[in-house]
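Student: I'd like a close look at one part of this model, the stretch you find most worth talking through. Give me the background first, then go residue by residue.

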Amino acid sequence: MAFVVVQGRPAPRSRLRIALVLASGAATTVILGVYAKLHPAGGQGTFKILFDSMLAFKSWFTTAAMVLAFAQLLTGLRVRDQLPWPRTTPIWLTDVHRLLGTLTLLVSLPVAYHCLWALGFTFSGVGGRVFWHSVAGCAFYGMFVSKMLAVRIDRLPRWLIPVLGGVAFSLLVVVWVTSAAYYLTGQIG
C-alpha cells in the first residue's frame with residue numbers, strides 16, 4: 001500500500017504512527033532522566049585498566065562515539081543520495097551505515113551507564129553546562145529509540161528517519177561539547 005498524503009500532510013494513520021514513535025522516545029528520555037535524578041549517585045568510581053581516570057575513559061569513549069556517529073551521518077547522506085561521492089552507491093554501504101550506528105550505541109553505553117548510575121541527573125553546574133549535558137544525554141537515547149522504531153514501522157514518511165537521525169546526531173554533539181570537549185581542552189579534569 002502506498003503512502004497517502006492529504007494536502008501535503010501525512011494521512012491520519014501515519015500521523016498516529018509518527019506520534020507513537022515520538023512518544024516512545026519521549027517516554028525513554030523521561031524515564032532515564034527520572035531514574036538518574038532519583039537514583040542516589042555513587043560518585044566518580046575508577047577505571048584504571050586503560051585510562052588514568054573515569055573522566056578520561058568517558059571523554060575518549062564519547063569522542064569515539066562522535067567519530068562513529070559522524071561516519072554514520074556521512075554514510076546515511078550517501079545512502080539517501082544527498083552526497084555525490086562515491087559516484088555510485090556501493091551495495092554494502094547500507095550495512096556499513098547500520099554497523100556504524102550499532103558501534104556508536106555500544107561505545108556510548110558504558111559512558112551513559114556511568115553517568116546515570118554514578119553521577120545522576122543534576123540541575124546545577126557551571127553555567128548550566130551539566131544540566132544541558134544531562135538533558136542531551138537522556139534525549140539522545142530517547143531519540144535513538146524513536147529512530148529504531150521508525151526504521152521498523154512501515155508506511156512512515158520518507159523524511160522521518162533522516163530527521164530523527166539528524167536530531168540524534170545533534171544531541172550527541174551537545175553531549176560531547178558539554179563534556180568531552182571540556183576534558184580534552186583541559187578545562188576540567
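Tutor: What follows is the overall picture, then the loop between H2 and H3 with its flanking helices.

Keep in mind that this is a predicted model: local features need a pLDDT of at least 70, side-chain atom pairs count only at pLDDT 80 or more, and totals for chains, interfaces and linings use all residues. Residues are numbered from 1 along each chain as its sequence is written, and side-chain values use heavy atoms, with hydrogens and water left out.

The protein's mean pLDDT (the predictor's confidence in each residue, from 0 to 100) is 89, and 90% of its residues get to 70 or more. Confidence bottoms out in strand E1 (residues 5-6), with a mean of 48, and peaks in helix H5 (residues 160-177), at 97. Residues 1-6 have a pLDDT below 50, and beyond near neighbours in sequence they make 9 contacts in the model, a contact being heavy atoms within 4.5 Å. Where pLDDT is low, predicted coordinates should not be read in detail.

There are 6 helices and 2 strands, in the order β-β-α-α-α-α-α-α from the N terminus. Both kinds of element are DSSP runs numbered from the N terminus: H or I over at least four residues for helices, E over at least two for strands. Of the 189 residues, 38% count as buried; buried means under 20% relative accessible area, exposed over 50%, partly exposed in between, with a 1.4 Å probe and protein chains only.

Now to our loop, coming in along helix H2. H2 (residues 54-79) has 26 residues and reaches 37 Å from first C-alpha to last, close to the 38 Å expected at 1.5 Å a residue; the expected span is 1.5 Å times one less than the number of residues. Just after H2 comes Asp81, which has a positive phi of about 60° although it is not a glycine.

Asp81 also has a partner: Arg78 forms a salt bridge with it, the closest N and O atoms being 3.1 Å apart. (That term needs a side-chain nitrogen of Lys or Arg within 4 Å of a carboxyl oxygen of Asp or Glu.) The two ends of this bridge sit differently: Arg78 is buried, because its relative accessibility is 7%, while Asp81 is exposed, because its own value is 56%.

Further along the loop is Pro86, joined to Trp85 by a cis peptide bond with omega at about -10°.

Past the loop, helix H3 (residues 93-119) carries another salt bridge, between Arg98 and Asp95 at 3.9 Å, N to O. The structure holds 2 salt bridges. Arg98 and Asp95 are 3 residues apart in H3, about one turn of the helix, and both are exposed. An α-helix has 3.6 residues a turn, so residues three or four places apart point the same way.

Finally, Leu99, Leu103, Leu106 and Leu109 make a nonpolar surface patch with about 340 Å² of accessible area together. Leu109 is partly exposed, because its relative accessible area is 38%. Patches take residues with over 30% relative accessible area and no salt bridge, joining like charges within 9 Å and nonpolar side chains (Val, Leu, Ile, Met, Phe, Trp, Tyr) within 5 Å. Areas are Shrake-Rupley with a 1.4 Å probe, and for residues only the protein chains shown count as cover.
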